[in-house]
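I opened this model to see how one strand is paired with its neighbours, and then went on to the contact between the chains. My entries follow in the order in which I looked things up.

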Amino acid sequence: MGALTKLRKELRDKKFSLTEFYQDYFKKIYERNKATNAYLSVYEDEVLIQAKEADKKPRDLPLFGLPFGIKDMISIKNRPLQASSWMLEGYRAPQHATVSERLENAGAFFVGRANCDEFAMGSSNENTPYGVCHNPWNLKRSSGGSSGGSAVCVAADMAVGSLGTDTGGSIRLPANFCGIVGMKPTYGRVSRSGVIAFASSLDQVGPLADDVEDCAEILQVIAGRDGRDSTSMDVPVDDYIGAVKKPELKGLKVGLPKEFFEDTSKMDPEISKQNEKAIEVLKKEGAILKEVSLKHAPYGIAVYYLVATAEAASNLARYDGVRYGHRSERQGSLKELIIQSRSEGFGDEVLRRIMLGTFSLSAGYYDAYYQKAQFVRSLVQQEYLSAFKEVDLIYAPVCPYLPFEIGCHQQDPLQMYLADIFTVSVNLAGLPAISFPIGWTDQNLPIGGQLIGNAFQEAKLFSAASAFEKANPVTRGQLAC
Amino acid sequence: MEFSVDKVAKLAYVSLTQEQKKTFKAQFEDILKYVDQLNEVPIKPEEAKDMGKFHVQTAFYKALGLDPSQTLREEAKNEDLNQTNLTNEEALQNAPKTGGLPGELMYEVPSIIERG
């Protein structure tokens with residue numbers, strides 16, 4: 001049983017009051033946050049007031065009283081919202097994001113604002129002026145990013161569930177590095193209203209949780225059409241919780257992309273070994289394995305870093321120091337105010353991406369870079385959709401590296417970008433995917449795998465991942481925090 | 001291909017230190033060399049004209065038997081109109097600087113008309 005399901009049962013069985021629970025829980029949060037820096041803000045006072053009120057009420061809401069961490073990209077009304085950036089120092093969200101509203105209506109309590117890479121740009125949660133987020137299993141290692149805080153708060157039992165955003169792997173990669181489950185839903189499955197935009201055609205909000213069932217419980221609450229986001233699609237929400245209760249791999253056709261498995265020389269040998277074992281588990285559980293070809297998926301990183309940065313350059317143009325955000329004191333004219341405010345407010349990785357995006361959209365380079373990338377993106381999507389005519393799901397590794405030493409890729413952004421090699425193509429195609437633990441190394445580091453589904457096939461992913469989890473339970477190591 | 005850090009910084013409305021310029025130039029050259037691998041993908045002449053028109057959800061709508069443009073229009077008509085906007089106070093609460101009379105506050109920025 002996952003942490004969310006377990007705590008809900010204890011609350012429904014009235015083993016303790018919410019007030020008693022949270023008085024102890026915040027002690028643990030503060031202690032572990034000192035070591036991990038998973039939360040940038042902790043909302044103890046607000047939650048204790050909420051708990052006192054909620055103790056008088058019936059405990060029947062699906063997420064009644066349960067502690068959640070929310071990535072610092074997602075609005076919670078009247079609480080700080082900074083995208084882990086100096087640019088938004090002091091900003092408070094004027095309204096709830098739709099996902100926050102849905103969680104709150106289901107009874108969830110927001111215990112903290114989860115750390116992340118600045119404007120969700122990064123794979124290690126190091127790109128932030130508010131401090132690196134540490135892996136709870138080995139504090140010298142990266143938590144993964146960009147939703148590092150969202151993964152760590154769940155792995156270190158500082159929340160039973162969290163929300164992250166996934167633009168190129170930012171939910172699945174930290175979930176993988178922290179030994180938990182993370183789902184990137186279909187583009188359009190979950191509303192982006194109230195979520196800070198990074199790359200609008202790729203961003204998607206999703207849950208991180210202790211196990212597959214807990215992950216399904218959260219998606220069940222946040223999924224569905226929202227009139228405040230025209231890209232959220234009016235497609236019925238399946239019964240994800242029911243799907244987890246019918247774990248099934250038998251007879252499912254699972255594709256193995258040959259491009260992801262044919263050259264494992266750049267993959268850590270331990271990851272390679274655990275992925276071979278995972279494929280054996282799929283086979284043993286009755287899945288029919290079939291090689292598929294995603295010829296253009298290896299171009300994913302190149303496409304992603306042109307499309308995502310172009311969209312980022314456009315989305316982040318709004319940060320001009322006028323209506324909100326950092327305003328430079330070094331100003332003469334309005335133009336200088338804008339330039340100085342942006343240069344002081346954004347960190348290096350954000351500046352790098354804004355400039356790369358500006359370049360790919362600029363006259364003379366638009367056709368050669370941005371348009372070409374969009375064309376290859378369409379091929380990536382077509383190949384995935386063709387593959388799904390032959391198979392039900394696709395299995396792939398999440399990352400070629402083990403959680404890396406903090407600081408090891410900071411001078412070489414391209415090496416850092418390559419951490420996303422197995423995740424970005426899923427975002428380019430807009431498809432859903434779930435990452436889950438498949439093994440644990442002798443160095444006390446988790447290794448994950450991912451299943452990728454066709455559009456709006458989240459229920460199938462939950463059912464298959466749940467079957468895998470039952471067939472291959474992974475024993476976690478000792479927390480280092 | 002020459003990547004001019006100064007030119008792109010100007011277009012992006014940012015200014016960089018000398019050290020940033022040096023570091024970024026080397027990093028951009030590496031990144032652009034890497035993305036040049038996209039040139040390995042051939043494009044047929046008939047594909048070239050629609051090259052940049054990709055929309056991620058079009059295939060999903062088609063698979064569901066829906067016309068994307070029609071669907072988006074209908075959804076906008078049905079739902080997107082009845083939304084509450086921020087009040088003046090809410091919109092201004094995060095402004096770095098405001099000015100004007102009480103009750104009629106506005107964003108304050110440096111003058112854009114120079115005195116003669």
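Entry 1, a strand and its partners. I began with A:Val254, whose bridge partner in S10(A) is A:Leu289, while in S11(A) the bridge partner of A:Val254 is A:Leu393. Helices (H or I, at least four residues) and strands (E, at least two) are DSSP runs here, numbered from the N terminus. I noted that S9(A) and strand S10 (residues 288-292) of chain A run parallel and are joined by five bridges, and that S9(A) also pairs in the parallel sense with strand S11 (residues 393-397) over two bridges; two strands pair if DSSP finds at least two bridges between them. Strand S9 (residues 253-257) of chain A has four of its five residues buried, so it is largely enclosed by the rest of the structure. Buried means under 20% relative accessible area, exposed over 50%, and partly exposed in between (1.4 Å probe, protein chains only).

Entry 2, basis of the values. I am working from a predicted model, in which local features need pLDDT of at least 70 and side-chain atom pairs count only at pLDDT 80 or more, whereas totals for chains, interfaces and linings use all residues. Residues are numbered from 1 along each chain as its sequence is written, chains are lettered from A and ligands numbered from 1 in the order in which they are written, and side-chain values use heavy atoms, with hydrogens and water left out.

Entry 3, a covered helix. I found 10 of the 11 residues of helix H7 (residues 212-222) of chain A buried, and these include the charged residues A:Glu213, A:Asp214 and A:Glu217. At the N-terminal end of H7(A), A:Asp211 acts as a cap, with a side-chain oxygen 3.4 Å from the backbone nitrogen of A:Glu213. After H7(A) comes A:Gly224, with a positive phi near 125 degrees.

Entry 4, the two chains. I read that 79 residues of chain A are in contact (heavy atoms within 4.5 Å) with 55 residues of chain B. The area buried between them, which is the accessible area (1.4 Å probe) lost on being put together, summed over both, is about 5,800 Å², and carbon and sulfur atoms give 67% of it. In chain A, A:Met355, A:Lys372 and A:Phe375 lose the most area to chain B, together 12% of what that side buries. I found zero salt bridges between chain A and chain B (side-chain nitrogen of Lys or Arg within 4 Å of a carboxyl oxygen of Asp or Glu).

How values were computed. Buried area = accessible area lost by both parts, 1.4 Å probe. Polar contact = N/O pair within 3.5 Å; in protein donor to acceptor, adjacent residues only side chain to side chain.
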